[in-house]
Amino acid sequence: MSPLRTDQRMQQIQHMLLEMAGGNFFYRLDTSDRNDNVEALAIVLNMLAEEIQESFYHQGFVSSKSTTEHLVQMCFLLDGDGNVQMVNQKTCAILSKLHGNLIQKPFSDLLTEPSKDVWQQKWKTLRKKTFYDMTLPLSFMTNESLVIPNRCHISVIKSERSGSRNILVTVFHTTLGKTFGNGRDRSALKTDIGGQGNKKEKPTRPKVRLSYEDIRKIREGRDMILNNLQMDLPNLKDLAHQLGTNEFKLKYGFRELYGTTVFKYLIQERLRKAKTLVQYTQLNFKSIAKMVGFKSVPHFTRAFKERYDCSPKVFRQKAKSGEV
Amino acid sequence: MQEFHENKYAQYILMDNIVHIIYKQGIEIDLEASKLIVRDRLMFQEEQAYPVLCDIRHLRRVDKPARDYLAMEGSQLIKALAFIIEPPVTDAMTQFYLKTNHPDIPTASFREVTKAMSFLARFLALIPILTFF
(Lines give C-alpha, C1' and ligand atoms only; values in the text may rest on other atoms or scores of the structure.)
Protein backbone atom coordinates (compact mmCIF):
# COMPACT_ATOMS: atom_id res chain seq x y z
CA MET A 1 0.00 0.00 0.00
CA SER A 2 1.29 3.49 -0.77
CA PRO A 3 2.40 5.49 2.28
CA LEU A 4 -0.20 8.15 1.40
CA ARG A 5 -3.05 5.64 1.45
CA THR A 6 -1.79 4.10 4.70
CA ASP A 7 -1.74 7.60 6.23
CA GLN A 8 -5.32 8.25 5.14
CA ARG A 9 -6.50 4.89 6.44
CA MET A 10 -4.76 5.40 9.79
CA GLN A 11 -6.45 8.79 10.09
CA GLN A 12 -9.85 7.23 9.44
CA ILE A 13 -9.15 4.54 12.03
CA GLN A 14 -8.16 7.25 14.51
CA HIS A 15 -11.41 9.14 13.83
CA MET A 16 -13.40 5.99 14.35
CA LEU A 17 -11.65 5.25 17.66
CA LEU A 18 -12.29 8.80 18.84
CA GLU A 19 -15.97 8.48 17.96
CA MET A 20 -16.11 5.20 19.87
CA ALA A 21 -14.42 6.85 22.84
CA GLY A 22 -17.18 9.46 22.68
CA GLY A 23 -19.81 6.73 22.83
CA ASN A 24 -20.76 6.63 19.15
CA PHE A 25 -20.58 3.07 17.96
CA PHE A 26 -22.61 3.49 14.78
CA TYR A 27 -19.71 4.61 12.58
CA ARG A 28 -17.93 2.09 10.36
CA LEU A 29 -14.81 2.13 8.21
CA ASP A 30 -15.13 1.64 4.50
CA THR A 31 -13.48 -1.65 3.58
CA SER A 32 -12.07 -3.08 0.38
CA ASP A 33 -10.86 -6.37 -1.10
CA ARG A 34 -7.26 -5.68 -0.17
CA ASN A 35 -5.38 -8.12 2.01
CA ASP A 36 -3.03 -6.13 4.21
CA ASN A 37 -2.59 -5.33 7.89
CA VAL A 38 -4.42 -2.01 7.76
CA GLU A 39 -7.42 -3.66 6.11
CA ALA A 40 -7.39 -6.42 8.75
CA LEU A 41 -7.33 -3.75 11.46
CA ALA A 42 -10.24 -1.89 9.83
CA ILE A 43 -12.36 -5.05 9.51
CA VAL A 44 -11.73 -6.10 13.11
CA LEU A 45 -12.52 -2.58 14.32
CA ASN A 46 -15.84 -2.64 12.41
CA MET A 47 -16.76 -5.99 13.94
CA LEU A 48 -15.77 -4.74 17.39
CA ALA A 49 -18.00 -1.66 17.00
CA GLU A 50 -20.89 -3.96 15.99
CA GLU A 51 -20.34 -6.14 19.06
CA ILE A 52 -20.17 -3.13 21.41
CA GLN A 53 -23.19 -1.45 19.81
CA GLU A 54 -25.18 -4.64 20.24
CA SER A 55 -24.08 -5.12 23.84
CA PHE A 56 -25.18 -1.58 24.73
CA TYR A 57 -28.50 -2.18 23.09
CA HIS A 58 -29.03 -5.52 24.73
CA GLN A 59 -26.63 -5.07 27.64
CA GLY A 60 -26.90 -8.76 28.38
CA PHE A 61 -29.91 -8.15 30.56
CA VAL A 62 -33.34 -9.04 29.32
CA SER A 63 -35.09 -7.37 32.22
CA SER A 64 -32.90 -4.30 32.00
CA LYS A 65 -34.15 -1.36 34.00
CA SER A 66 -33.93 1.04 31.09
CA THR A 67 -36.22 0.94 28.12
CA THR A 68 -35.08 1.09 24.54
CA GLU A 69 -35.65 4.29 22.65
CA HIS A 70 -35.77 4.93 18.95
CA LEU A 71 -34.19 8.26 18.27
CA VAL A 72 -34.24 10.07 15.00
CA GLN A 73 -30.60 10.15 14.06
CA MET A 74 -30.87 12.00 10.78
CA CYS A 75 -33.69 13.47 8.77
CA PHE A 76 -33.62 14.74 5.16
CA LEU A 77 -36.29 16.44 3.09
CA LEU A 78 -35.66 16.03 -0.64
CA ASP A 79 -37.28 17.73 -3.60
CA GLY A 80 -38.61 15.95 -6.69
CA ASP A 81 -35.12 15.89 -8.24
CA GLY A 82 -33.53 14.18 -5.24
CA ASN A 83 -31.76 17.30 -3.93
CA VAL A 84 -31.64 17.97 -0.19
CA GLN A 85 -33.99 20.79 0.84
CA MET A 86 -33.79 20.55 4.62
CA VAL A 87 -31.88 18.56 7.20
CA ASN A 88 -32.06 18.44 10.98
CA GLN A 89 -29.25 19.86 13.06
CA LYS A 90 -27.94 16.48 14.23
CA THR A 91 -27.35 15.38 10.65
CA CYS A 92 -24.71 18.07 10.22
CA ALA A 93 -22.94 16.93 13.40
CA ILE A 94 -23.12 13.23 12.60
CA LEU A 95 -21.91 13.62 9.03
CA SER A 96 -19.39 16.33 10.06
CA LYS A 97 -20.64 18.53 7.24
CA LEU A 98 -21.64 22.18 7.24
CA HIS A 99 -25.33 22.93 6.71
CA GLY A 100 -24.49 24.93 3.58
CA ASN A 101 -22.66 21.95 2.10
CA LEU A 102 -25.74 19.76 2.41
CA ILE A 103 -28.53 21.97 1.15
CA GLN A 104 -29.32 21.93 -2.58
CA LYS A 105 -26.88 19.09 -3.10
CA PRO A 106 -27.95 15.66 -4.42
CA PHE A 107 -28.84 13.28 -1.60
CA SER A 108 -26.85 10.53 -3.32
CA ASP A 109 -23.62 12.54 -2.75
CA LEU A 110 -23.91 11.66 0.93
CA LEU A 111 -23.90 7.91 0.31
CA THR A 112 -21.15 5.35 -0.15
CA GLU A 113 -20.55 4.04 -3.69
CA PRO A 114 -22.55 0.78 -3.27
CA SER A 115 -25.41 2.69 -1.59
CA LYS A 116 -25.41 5.24 -4.43
CA ASP A 117 -26.22 2.41 -6.85
CA VAL A 118 -28.99 1.10 -4.57
CA TRP A 119 -30.43 4.60 -4.22
CA GLN A 120 -30.32 5.26 -7.96
CA GLN A 121 -32.15 2.01 -8.61
CA LYS A 122 -34.85 2.82 -6.03
CA TRP A 123 -35.09 6.39 -7.21
CA LYS A 124 -36.56 5.15 -10.49
CA THR A 125 -39.47 3.67 -8.51
CA LEU A 126 -39.74 6.54 -6.06
CA ARG A 127 -40.04 9.25 -8.69
CA LYS A 128 -43.18 7.60 -10.08
CA LYS A 129 -44.99 7.49 -6.74
CA THR A 130 -46.98 10.22 -5.06
CA PHE A 131 -47.86 8.61 -1.74
CA TYR A 132 -45.55 5.82 -0.73
CA ASP A 133 -43.49 4.37 2.15
CA MET A 134 -40.54 2.03 2.14
CA THR A 135 -37.49 1.10 4.16
CA LEU A 136 -34.06 0.68 2.66
CA PRO A 137 -30.63 -0.08 4.13
CA LEU A 138 -28.27 2.71 3.12
CA SER A 139 -24.75 3.68 4.16
CA PHE A 140 -23.78 7.32 4.61
CA MET A 141 -20.24 8.66 4.25
CA THR A 142 -19.04 11.32 6.66
CA ASN A 143 -16.57 14.08 5.89
CA GLU A 144 -13.92 12.01 7.68
CA SER A 145 -14.65 9.03 5.38
CA LEU A 146 -16.36 7.00 8.09
CA VAL A 147 -19.37 4.97 7.06
CA ILE A 148 -22.74 4.96 8.86
CA PRO A 149 -24.86 1.99 7.81
CA ASN A 150 -28.49 2.13 8.88
CA ARG A 151 -32.05 1.40 7.82
CA CYS A 152 -33.72 4.43 6.31
CA HIS A 153 -37.42 5.04 6.25
CA ILE A 154 -38.37 6.78 3.01
CA SER A 155 -41.74 8.46 2.51
CA VAL A 156 -42.95 10.12 -0.66
CA ILE A 157 -45.41 12.89 0.15
CA LYS A 158 -47.34 15.29 -2.03
CA SER A 159 -48.51 18.72 -1.10
CA GLU A 160 -52.26 19.16 -1.69
CA ARG A 161 -51.89 22.88 -2.26
CA SER A 162 -48.96 23.24 -4.59
CA GLY A 163 -48.98 19.69 -5.92
CA SER A 164 -45.22 19.45 -5.32
CA ARG A 165 -43.73 16.14 -4.41
CA ASN A 166 -41.25 15.71 -1.59
CA ILE A 167 -39.32 12.80 -0.22
CA LEU A 168 -38.66 12.44 3.49
CA VAL A 169 -35.74 10.23 4.52
CA THR A 170 -35.56 9.38 8.22
CA VAL A 171 -32.75 7.40 9.84
CA PHE A 172 -33.51 5.83 13.21
CA HIS A 173 -31.06 4.77 15.85
CA THR A 174 -32.07 2.37 18.58
CA THR A 175 -30.57 2.99 21.97
CA LEU A 176 -31.22 2.37 25.63
CA GLY A 177 -33.06 5.01 27.62
CA LYS A 178 -29.68 6.21 28.79
CA THR A 179 -27.81 7.99 26.04
CA PHE A 180 -24.12 7.36 25.71
CA GLY A 181 -23.73 9.95 22.98
CA ASN A 182 -21.42 12.89 23.21
CA GLY A 183 -24.14 15.30 24.28
CA ARG A 184 -26.04 14.57 21.10
CA ASP A 185 -29.25 14.02 22.95
CA ARG A 186 -29.13 16.58 25.70
CA SER A 187 -32.64 16.00 26.98
CA ALA A 188 -31.89 12.38 27.81
CA LEU A 189 -28.70 13.35 29.60
CA LYS A 190 -30.41 16.08 31.59
CA THR A 191 -33.00 13.67 32.98
CA ASP A 192 -30.17 11.53 34.28
CA ILE A 193 -28.35 14.39 35.93
CA GLY A 194 -31.59 15.59 37.52
CA GLY A 195 -32.18 12.17 38.98
CA GLN A 196 -28.78 12.11 40.63
CA GLY A 197 -29.16 15.56 42.13
CA ASN A 198 -32.26 14.62 44.08
CA LYS A 199 -30.76 12.84 47.08
CA LYS A 200 -34.06 11.94 48.70
CA GLU A 201 -35.00 9.57 45.91
CA LYS A 202 -32.81 6.54 46.30
CA PRO A 203 -32.73 4.24 43.31
CA THR A 204 -34.30 0.87 44.01
CA ARG A 205 -31.63 -1.78 44.03
CA PRO A 206 -32.13 -5.21 42.60
CA LYS A 207 -32.22 -7.90 45.28
CA VAL A 208 -29.01 -9.52 44.13
CA ARG A 209 -26.06 -7.71 42.64
CA LEU A 210 -24.37 -9.70 39.94
CA SER A 211 -20.68 -8.99 39.59
CA TYR A 212 -18.95 -9.21 36.21
CA GLU A 213 -17.48 -12.46 37.47
CA ASP A 214 -20.99 -13.83 38.16
CA ILE A 215 -22.15 -12.76 34.70
CA ARG A 216 -19.12 -14.43 33.13
CA LYS A 217 -19.90 -17.66 34.99
CA ILE A 218 -23.55 -17.62 33.94
CA ARG A 219 -22.55 -17.03 30.32
CA GLU A 220 -20.15 -19.95 30.63
CA GLY A 221 -23.08 -22.05 31.91
CA ARG A 222 -25.15 -20.99 28.93
CA ASP A 223 -22.34 -22.00 26.55
CA MET A 224 -22.17 -25.39 28.28
CA ILE A 225 -25.90 -25.90 27.81
CA LEU A 226 -25.76 -24.78 24.16
CA ASN A 227 -22.86 -27.10 23.40
CA ASN A 228 -24.55 -30.10 25.03
CA LEU A 229 -28.17 -29.70 24.02
CA GLN A 230 -28.70 -33.42 23.55
CA MET A 231 -27.60 -34.17 27.15
CA ASP A 232 -29.82 -34.19 30.20
CA LEU A 233 -29.54 -31.08 32.32
CA PRO A 234 -27.47 -31.81 35.42
CA ASN A 235 -28.79 -30.97 38.86
CA LEU A 236 -28.69 -27.15 39.04
CA LYS A 237 -26.78 -27.25 42.31
CA ASP A 238 -24.05 -29.37 40.67
CA LEU A 239 -24.00 -27.14 37.60
CA ALA A 240 -23.67 -24.05 39.79
CA HIS A 241 -20.80 -25.60 41.73
CA GLN A 242 -19.08 -26.65 38.54
CA LEU A 243 -19.25 -23.04 37.37
CA GLY A 244 -17.99 -21.79 40.71
CA THR A 245 -21.19 -20.08 41.83
CA ASN A 246 -24.25 -21.07 43.84
CA GLU A 247 -27.66 -22.34 42.79
CA PHE A 248 -29.48 -19.15 43.77
CA LYS A 249 -27.19 -16.86 41.75
CA LEU A 250 -27.34 -19.21 38.78
CA LYS A 251 -31.14 -19.25 38.77
CA TYR A 252 -31.52 -15.53 39.43
CA GLY A 253 -28.73 -14.50 37.03
CA PHE A 254 -29.96 -16.75 34.26
CA ARG A 255 -33.38 -15.17 34.42
CA GLU A 256 -31.86 -11.67 34.42
CA LEU A 257 -29.57 -12.40 31.48
CA TYR A 258 -31.73 -14.59 29.30
CA GLY A 259 -35.24 -13.86 30.54
CA THR A 260 -36.17 -17.44 31.35
CA THR A 261 -35.30 -20.39 33.58
CA VAL A 262 -32.39 -22.70 32.84
CA PHE A 263 -34.74 -25.56 31.99
CA LYS A 264 -36.99 -23.53 29.70
CA TYR A 265 -33.92 -22.12 27.98
CA LEU A 266 -32.66 -25.64 27.28
CA ILE A 267 -36.00 -26.65 25.75
CA GLN A 268 -36.15 -23.44 23.72
CA GLU A 269 -32.68 -24.02 22.27
CA ARG A 270 -33.38 -27.71 21.57
CA LEU A 271 -36.47 -26.68 19.62
CA ARG A 272 -34.60 -23.98 17.75
CA LYS A 273 -32.04 -26.53 16.61
CA ALA A 274 -34.79 -29.02 15.76
CA LYS A 275 -36.62 -26.40 13.69
CA THR A 276 -33.67 -25.99 11.30
CA LEU A 277 -33.41 -29.77 10.91
CA VAL A 278 -37.17 -30.13 10.30
CA GLN A 279 -37.05 -27.29 7.82
CA TYR A 280 -34.02 -28.13 5.73
CA THR A 281 -33.46 -31.89 6.01
CA GLN A 282 -35.51 -35.02 5.43
CA LEU A 283 -34.41 -36.63 8.70
CA ASN A 284 -37.21 -38.51 10.40
CA PHE A 285 -38.63 -36.97 13.55
CA LYS A 286 -37.36 -39.78 15.75
CA SER A 287 -33.77 -38.99 14.73
CA ILE A 288 -34.28 -35.26 15.17
CA ALA A 289 -35.88 -35.75 18.59
CA LYS A 290 -32.91 -37.84 19.72
CA MET A 291 -30.31 -35.53 18.17
CA VAL A 292 -31.59 -32.54 20.09
CA GLY A 293 -32.18 -34.41 23.35
CA PHE A 294 -35.87 -35.30 23.54
CA LYS A 295 -36.62 -38.68 25.09
CA SER A 296 -39.58 -39.52 22.86
CA VAL A 297 -41.21 -38.40 19.63
CA PRO A 298 -44.57 -37.49 21.26
CA HIS A 299 -42.74 -35.33 23.80
CA PHE A 300 -40.82 -33.63 20.99
CA THR A 301 -43.92 -33.14 18.83
CA ARG A 302 -45.88 -31.65 21.72
CA ALA A 303 -43.12 -29.22 22.67
CA PHE A 304 -42.61 -28.25 19.01
CA LYS A 305 -46.29 -27.58 18.54
CA GLU A 306 -46.45 -25.46 21.67
CA ARG A 307 -43.59 -23.30 20.45
CA TYR A 308 -44.25 -23.00 16.73
CA ASP A 309 -48.04 -23.46 16.68
CA CYS A 310 -47.89 -26.43 14.35
CA SER A 311 -46.54 -29.98 14.44
CA PRO A 312 -43.14 -30.80 12.91
CA LYS A 313 -44.95 -32.60 10.09
CA VAL A 314 -47.05 -29.57 9.17
CA PHE A 315 -44.03 -27.31 9.63
CA ARG A 316 -42.02 -29.40 7.15
CA GLN A 317 -44.87 -29.28 4.65
CA LYS A 318 -45.07 -25.51 5.05
CA ALA A 319 -41.30 -25.23 4.61
CA LYS A 320 -41.47 -27.24 1.39
CA SER A 321 -44.21 -25.06 -0.01
CA GLY A 322 -42.22 -21.97 0.98
CA GLU A 323 -44.75 -20.76 3.56
CA VAL A 324 -42.15 -20.56 6.36
CA MET B 1 -26.06 -37.53 -3.41
CA GLN B 2 -25.03 -34.73 -5.72
CA GLU B 3 -21.41 -33.74 -5.47
CA PHE B 4 -21.61 -30.11 -6.46
CA HIS B 5 -23.90 -27.24 -5.63
CA GLU B 6 -23.59 -23.53 -6.13
CA ASN B 7 -25.47 -20.47 -4.96
CA LYS B 8 -24.85 -16.74 -5.07
CA TYR B 9 -22.40 -16.88 -2.19
CA ALA B 10 -20.51 -20.15 -2.33
CA GLN B 11 -19.72 -23.41 -4.06
CA TYR B 12 -20.29 -26.69 -2.23
CA ILE B 13 -18.20 -29.67 -3.28
CA LEU B 14 -18.15 -33.16 -1.77
CA MET B 15 -14.70 -34.67 -2.17
CA ASP B 16 -13.30 -37.69 -0.29
CA ASN B 17 -16.11 -37.50 2.25
CA ILE B 18 -15.26 -33.92 3.12
CA VAL B 19 -17.58 -31.04 2.25
CA HIS B 20 -15.69 -28.09 0.75
CA ILE B 21 -17.39 -24.73 0.90
CA ILE B 22 -15.67 -22.06 -1.15
CA TYR B 23 -16.93 -18.53 -0.63
CA LYS B 24 -17.00 -16.32 -3.68
CA GLN B 25 -15.20 -13.02 -4.13
CA GLY B 26 -16.88 -9.69 -3.52
CA ILE B 27 -19.85 -10.93 -1.50
CA GLU B 28 -21.22 -9.55 1.75
CA ILE B 29 -22.85 -11.95 4.15
CA ASP B 30 -25.88 -10.60 5.98
CA LEU B 31 -28.60 -12.49 7.84
CA GLU B 32 -30.50 -13.50 4.70
CA ALA B 33 -27.31 -14.74 3.07
CA SER B 34 -26.27 -16.75 6.13
CA LYS B 35 -29.68 -18.45 6.25
CA LEU B 36 -29.37 -19.43 2.61
CA ILE B 37 -25.81 -20.67 3.11
CA VAL B 38 -26.82 -22.94 6.03
CA ARG B 39 -29.99 -24.13 4.28
CA ASP B 40 -28.12 -25.08 1.11
CA ARG B 41 -25.42 -26.89 3.07
CA LEU B 42 -27.96 -28.95 5.02
CA MET B 43 -29.78 -29.84 1.82
CA PHE B 44 -26.52 -30.62 0.05
CA GLN B 45 -25.41 -32.96 2.84
CA GLU B 46 -28.67 -34.93 2.77
CA GLU B 47 -28.82 -35.70 6.48
CA GLN B 48 -25.22 -36.85 6.74
CA ALA B 49 -22.71 -35.27 9.10
CA TYR B 50 -19.35 -34.47 7.46
CA PRO B 51 -16.09 -32.73 8.24
CA VAL B 52 -16.27 -29.35 6.52
CA LEU B 53 -13.53 -27.33 4.88
CA CYS B 54 -14.50 -23.70 4.58
CA ASP B 55 -12.42 -21.58 2.23
CA ILE B 56 -12.95 -17.99 3.33
CA ARG B 57 -9.93 -16.42 1.66
CA HIS B 58 -12.09 -14.15 -0.49
CA LEU B 59 -14.50 -13.20 2.27
CA ARG B 60 -14.36 -9.62 3.52
CA ARG B 61 -17.59 -8.88 5.31
CA VAL B 62 -19.89 -10.90 7.58
CA ASP B 63 -22.15 -8.64 9.61
CA LYS B 64 -23.17 -9.13 13.24
CA PRO B 65 -26.60 -10.76 12.69
CA ALA B 66 -25.00 -13.16 10.19
CA ARG B 67 -22.17 -14.03 12.60
CA ASP B 68 -24.70 -14.75 15.34
CA TYR B 69 -26.81 -16.92 13.05
CA LEU B 70 -23.81 -18.88 11.79
CA ALA B 71 -22.59 -19.44 15.34
CA MET B 72 -25.99 -20.68 16.54
CA GLU B 73 -27.32 -22.56 13.53
CA GLY B 74 -24.28 -23.04 11.36
CA SER B 75 -22.69 -25.99 13.16
CA GLN B 76 -25.41 -28.59 12.61
CA LEU B 77 -24.30 -31.84 10.98
CA ILE B 78 -20.66 -30.76 11.01
CA LYS B 79 -18.14 -33.16 12.58
CA ALA B 80 -15.24 -30.73 12.44
CA LEU B 81 -14.54 -27.43 10.73
CA ALA B 82 -11.35 -26.18 9.08
CA PHE B 83 -11.12 -22.61 7.81
CA ILE B 84 -8.74 -21.88 4.95
CA ILE B 85 -7.43 -18.39 5.54
CA GLU B 86 -4.95 -15.97 4.07
CA PRO B 87 -3.31 -13.64 6.57
CA PRO B 88 -3.72 -10.96 7.58
CA VAL B 89 -7.39 -10.18 6.77
CA THR B 90 -9.16 -13.55 6.94
CA ASP B 91 -6.85 -14.64 9.76
CA ALA B 92 -7.96 -11.65 11.85
CA MET B 93 -11.61 -12.27 10.93
CA THR B 94 -11.44 -15.92 12.00
CA GLN B 95 -9.70 -15.10 15.26
CA PHE B 96 -12.34 -12.46 16.03
CA TYR B 97 -15.16 -14.89 15.23
CA LEU B 98 -13.72 -17.63 17.42
CA LYS B 99 -13.07 -15.18 20.25
CA THR B 100 -16.64 -13.87 20.29
CA ASN B 101 -18.43 -17.15 19.54
CA HIS B 102 -17.69 -20.53 21.00
CA PRO B 103 -18.49 -23.20 18.44
CA ASP B 104 -19.34 -26.61 19.85
CA ILE B 105 -17.41 -28.47 17.16
CA PRO B 106 -13.65 -28.93 16.71
CA THR B 107 -12.53 -25.88 14.72
CA ALA B 108 -9.14 -24.81 13.42
CA SER B 109 -7.76 -22.48 10.76
CA PHE B 110 -5.05 -23.23 8.20
CA ARG B 111 -3.18 -21.47 5.43
CA GLU B 112 -2.69 -24.66 3.46
CA VAL B 113 -5.42 -26.92 2.18
CA THR B 114 -3.33 -30.09 2.71
CA LYS B 115 -2.89 -29.33 6.42
CA ALA B 116 -6.60 -28.63 6.77
CA MET B 117 -7.38 -31.94 5.06
CA SER B 118 -5.17 -33.90 7.42
CA PHE B 119 -6.84 -32.19 10.41
CA LEU B 120 -10.29 -33.10 9.04
CA ALA B 121 -9.21 -36.65 8.18
CA ARG B 122 -8.99 -37.36 11.91
CA PHE B 123 -12.77 -36.96 12.11
CA LEU B 124 -13.54 -39.08 9.06
CA ALA B 125 -13.23 -42.33 10.97
CA LEU B 126 -15.96 -41.30 13.38
CA ILE B 127 -19.22 -43.11 12.76
CA PRO B 128 -21.86 -40.61 11.61
CA ILE B 129 -24.17 -39.66 14.47
CA LEU B 130 -27.17 -40.96 12.57
CA THR B 131 -26.06 -44.57 12.51
CA PHE B 132 -26.66 -44.68 16.27
CA PHE B 133 -30.37 -44.39 15.75
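# Close-up views of the predicted model

**Figure 1. The salt bridge between B:Asp55 and B:Arg57.** B:Asp55 is buried at a relative accessible area of 11%, where buried stands for under 20% relative accessible area, exposed for over 50% and partly exposed for what lies in between, computed with a 1.4 Å probe on protein chains only. This is a predicted model, in which local features need pLDDT of at least 70 and side-chain atom pairs count only at pLDDT 80 or more, while totals for chains, interfaces and linings use all residues. Residues are numbered from 1 along each chain as its sequence is written, chains are lettered from A and ligands numbered from 1 in the order in which they are written, and side-chain values use heavy atoms, with hydrogens and water left out. The partner of B:Asp55 is B:Arg57, and the N to O distance in this salt bridge is 2.8 Å; a salt bridge is defined here as a side-chain nitrogen of Lys or Arg within 4 Å of a carboxyl oxygen of Asp or Glu. B:Arg57, with a relative accessible area of 27%, is partly exposed. Over all chains, the whole structure contains 20 salt bridges.

**Figure 2. The salt bridge between A:Asp214 and A:Lys249.** The side chains of A:Asp214 and A:Lys249 pair at 3.2 Å, N to O. A:Asp214 belongs to helix α6 (residues 212-227) and A:Lys249 to helix α8 (residues 247-258), both of chain A, so the salt bridge ties together parts that are 35 residues apart in sequence. Helices (H or I, at least four residues) and strands (E, at least two) are DSSP runs numbered from the N terminus. A:Asp214 is buried at a relative accessible area of 8%, whereas A:Lys249, at 24% relative accessibility, is partly exposed.

**Figure 3. Salt bridges between chain A and chain B.** In one of these pairs, A:Glu50 and B:Arg61 bring their closest N and O atoms to 3.1 Å from each other. This pair crosses from helix α2 (residues 37-58) of chain A, which holds A:Glu50, to strand β6 (residues 61-62) of chain B, which holds B:Arg61. A:Glu50 counts as buried, at 8% relative accessibility, and B:Arg61 as partly exposed, at 23%. B:Arg67 and A:Glu51 also form a salt bridge, at 3.1 Å from N to O. A network of salt bridges links A:Glu50 and A:Glu51 with B:Arg61, B:Lys64, B:Arg67 and B:Asp68. Across the interface of chain A and chain B, the rule finds 5 salt bridges.

**Figure 4. The side of chain A that touches chain B.** The contact draws 31 residues from chain A and 27 residues from chain B, a contact being heavy atoms within 4.5 Å. About 2,900 Å² is buried between the two chains, with 60% of it on carbon and sulfur atoms; A:Asn35, A:Met47 and A:Tyr280 supply 22% of the area that chain A buries against chain B, more than any other three residues. Buried area here is the accessible area (1.4 Å probe) that two parts lose on being put together, summed over both. The interface also has 15 residue pairs in polar contact, both residues at pLDDT 80 or more. A polar contact is a pair of N or O atoms within 3.5 Å; within protein, one must be able to donate a hydrogen and the other to accept it, and residues adjacent in sequence count only if both atoms are side-chain atoms.

**Figure 5. Nonpolar cores and the surroundings of A:Phe294.** The largest nonpolar core has 55 residues, and those with the most contacts inside it are A:Leu271, A:Phe294, A:Phe300, B:Ile21, B:Tyr23 and B:Ile29. The largest share of this core, 6 residues, comes from α9(A). A second core lies apart from it, with 39 residues, among them A:Val38, A:Val87, A:Leu95 and A:Ile167. A nonpolar core is a set of buried Ala, Val, Leu, Ile, Met, Phe, Trp, Tyr and Cys residues joined through side-chain atoms within 4.5 Å. Not counting residues up to four places away in sequence, A:Phe294 touches A:Ile267, A:Arg270, A:Leu271, A:Ala289, A:His299, A:Phe300 and A:Ala303.

**Figure 6. A:Asn46 in helix α2 of chain A.** A:Asn46 counts as buried, at 5% relative accessibility. Leaving aside neighbours within four places in sequence, A:Asn46 is in contact with A:Met16, A:Arg28, A:Leu29 and A:Thr31. The chain around this residue has 12 helices and 6 strands, and buried residues make up 43% of the 324 residues in chain A.
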